[in-house]
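Grab a coffee and work through these exercises with the model open beside you. Each one sets a task and then walks through the solution.

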Amino acid sequence: MKYKSVFFLVVIILFSCNEPKARRPKKHGTQNFYKEVLKENKKINDLQKKRIDLWISKDTIHDFIESTKGYWYYYVKKDTLQSNTPKFEEFVDIEYDVKSMVGDIIYGNQKRTYKIDKEDFIPALQDGIKLMKIGETITFVIPSYRAYGITGDGNKIGINQPIQSTVTLIDIKNK
């Protein structure tokens, strides 16, 4: 009996002196998660494009131009005499508004001085302003992925909400 207790005690001491084995972290499938999110966003973008195409096809008043950068626009006021458009790092004075696709005002007329390609602004408008000449007014129709995306603006613009914005270029400055 005494030997059994000593043997049992020695076995316990030997096994308890082993170094702990490192555990590997569990894989939670983040790669699959990102693939699923990407796939879902592509579906949303395709649906928005179809909705915008349908909305544009019903508008018989304006001649829309589809940009290669993922938005549509039409000229409200066009200047064919000037050729000066904003360049990288120039300052522009603009007046703009933001509306929903059905025309409800989200943000009314606002004036802003914007430094071309150096400030955080609606991505589609960053590209679109570079097309403009002083005095021109353009209305941009912007899908959510070129506006505020899957987060919205945290205030009045919702998640995955396409918008339209009418922009007037007031001045170009070389500061």
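**Exercise 1. Find out how exposed Lys-130 is, then trace the salt bridges around it.**

Step 1. Lys-130 has a relative accessibility of 28%, so it counts as partly exposed. On this scale, buried means under 20% relative accessible area, exposed means over 50%, and partly exposed is in between (1.4 Å probe, protein chains only).

Step 2. Before going on, note that this is a predicted model: local features need pLDDT of at least 70, side-chain atom pairs count only at pLDDT 80 or more, and totals for chains, interfaces and linings use all residues. Residues are numbered from 1 along each chain as its sequence is written, and side-chain values use heavy atoms, with hydrogens and water left out.

Step 3. Now look for the partner: Lys-130 forms a salt bridge with Asp-117, their closest N and O atoms being 3.1 Å apart. A salt bridge here is a side-chain nitrogen of Lys or Arg within 4 Å of a carboxyl oxygen of Asp or Glu. The two residues are 13 apart in sequence, with Asp-117 in the loop between β4 and α3 and Lys-130 in the loop between α3 and β5. Helices (H or I, at least four residues) and strands (E, at least two) are DSSP runs, numbered from the N terminus. Asp-117 is partly exposed too, at 31%.

Step 4. Move on to Asp-127 and Arg-146, whose side chains meet in a salt bridge at 2.3 Å, N to O. Asp-127 sits in helix α3 and Arg-146 in the loop between β5 and β6, so this pair ties together parts 19 residues apart in sequence. Both Asp-127 and Arg-146 are buried.

Step 5. Put the pieces together: Asp-117, Asp-127, Lys-130 and Arg-146 are linked in a network of salt bridges.

**Exercise 2. Pick out another salt bridge and say which elements it links.**

Step 1. A search of the whole structure turns up 9 salt bridges. One of them joins the side chains of Glu-66 and Lys-49 (3.7 Å, N to O).

Step 2. Glu-66 belongs to strand β1 and Lys-49 to helix α2, 17 residues apart. Lys-49 is partly exposed, at 36%.

**Exercise 3. Which residues touch the most other members of the largest nonpolar core?**

Step 1. Start with the term: a nonpolar core is a set of buried Ala, Val, Leu, Ile, Met, Phe, Trp, Tyr and Cys residues joined through side-chain atoms within 4.5 Å.

Step 2. The largest core has 25 residues, and Phe-140 and Ile-142 touch the most other members. Elements giving two or more residues to this core are β3 (91–100), β4 (105–115), α3 (123–129), β5 (137–142) and β6 (163–173).

Step 3. Apart from it there's another core, of 7 residues, including Ile-52, Phe-64 and Met-101.

Step 4. Check the contacts of Phe-140 (heavy atoms within 4.5 Å). Not counting residues up to four places away in sequence, its partners include Tyr-71, Leu-125, Met-132 and Val-167.

**Exercise 4. Is Ser-67 buried or exposed, and what does its side chain reach?**

Step 1. Ser-67 lies in the loop between β1 (65–66) and β2 (72–77).

Step 2. Its relative accessibility is 14%, so Ser-67 counts as buried.

Step 3. The side chain of Ser-67 reaches the backbone nitrogen of Lys-69 at 2.9 Å.

Methods. A polar contact is a pair of N or O atoms within 3.5 Å; within protein, one must be able to donate a hydrogen and the other to accept it, and residues adjacent in sequence count only if both atoms are side-chain atoms.
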